Amino acid sequence: MERVYIGLGSNLDEPQEQLHSAVEALGQLPATTVAAVSAFYSSESLSPGQPRYTNAVAALDTTLAPLELLDGLQAIETAQGRVRLERWGPRTLDLDILLYGDQVIDIPRLKVPHYHMQARPFVLYPLAELVAEDFVLADRRRLAQLLADCPFVGLERL
Ligand code: ROI
């Protein structure tokens, strides 16, 4: 059994509803339970000219292997109407594996810890709600240090 952290994001078609539906769908993945969900946060898109995003982080306990979990997440994205038009484009639902236990994974389909998480307040602050203050990522970085380097700017806790 591994503790896994998933980043959720949406900026189309009622983002908060998308996130609620996604959490429900995560709980229906095989061999998986949802242990906790952060508050929802609203922020400007990092890509200009898109609607605001709603983001959250969910903690899962699962015995799915990383790529099985990734397949499950992509199936949920597709079921909730995600169309892959452009990289960084607006989306009804984005589900990212942020952390998978204490594993470091670096294969073409999957990089864990998630590539951009250290610079994104809408990932770090909800994650911080779900872990202890002295939490250390699989690549040995301390969450407290990442938070110190990533101010709580432009985030609105919903
Ligand atoms: N911006 C915010 N605020 N939240 C996201 O989840 C998000 N996701 C993206 C890009 C377009 C980079 N910007 C984002 O993919």
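## Close-ups of salt bridges and a ligand

**View 1. D139 is partly exposed, with a relative accessible area of 31%.** Keep in mind that this is a predicted model. The side chain of D139 meets that of R141 in a salt bridge, with 2.9 Å from N to O. R141 is partly exposed too, at a relative accessible area of 27%. Elsewhere, salt bridges that share partners link E44, R52 and E156 into one network.

**View 2. Here the side chains of E44 and R52 meet in a salt bridge.** The N to O distance in this pair is 3.4 Å. Is E44 buried or exposed? With 52% relative accessibility, E44 counts as exposed, because the exposed class starts over 50%. Its partner R52 has a relative accessible area of 35%, so R52 is partly exposed.

**View 3. R3 and D61 form a salt bridge through their side chains.** The gap from N to O is 2.8 Å. Which parts of the chain does this pair tie together? R3 belongs to strand 1 (residues 2-10) and D61 to strand 4 (residues 53-62), so the bridge joins parts that are 58 residues apart in sequence. Now look at how covered the two partners are. D61 has 18% relative accessibility and counts as buried, because buried means under 20%. R3, at 33% relative accessibility, counts as partly exposed. If you go hunting through the whole structure, the search turns up eight salt bridges.

**View 4. The ligand sits in the largest pocket.** Which residues are around the ligand? They are S43, E44, S45, L46, S47, Q50, Y53, N55, W88, R91, R120 and F122. You've met E44 already: its side chain makes the salt bridge with R52.

**View 5. Zoom in on S43, E44 and N55, which are among the residues around the ligand.** A polar side-chain atom of S43 is 2.8 Å from a nitrogen atom of the ligand. E44 takes part through its backbone: a backbone N or O atom of E44 lies 2.8 Å from a ligand nitrogen atom. For N55, look at the side chain, where an N or O atom is 2.8 Å from an oxygen atom of the ligand. How much of the ligand's accessible area does the protein cover? On its own the ligand has 350 Å² of accessible area, and the protein covers 96% of that.

Definitions and conventions: Residues numbered from 1 in each chain as written. Predicted model: local features only at pLDDT ≥ 70, side-chain atom pairs only at ≥ 80, totals over all residues. Heavy atoms only, no water. Salt bridge = Lys/Arg side-chain N within 4 Å of Asp/Glu carboxyl O. Helix = DSSP H or I, 4+ residues; strand = E, 2+ residues; numbered from the N terminus. Buried < 20%, exposed > 50% of the residue type's maximum accessible area, 1.4 Å probe, protein only. Near = heavy atom within 4 Å. Polar contact = N/O pair within 3.5 Å; in protein donor to acceptor, adjacent residues only side chain to side chain. Areas by Shrake-Rupley, 256 points an atom, 1.4 Å probe, with all protein chains shown as cover. 1 Å grid on protein atoms, 1.4 Å probe; cavity = no way out; pocket = protein on both sides within 12 Å on 5 of 7 lines; lining within 4 Å. Sits in = over half its atoms within 2 Å of the grid points.
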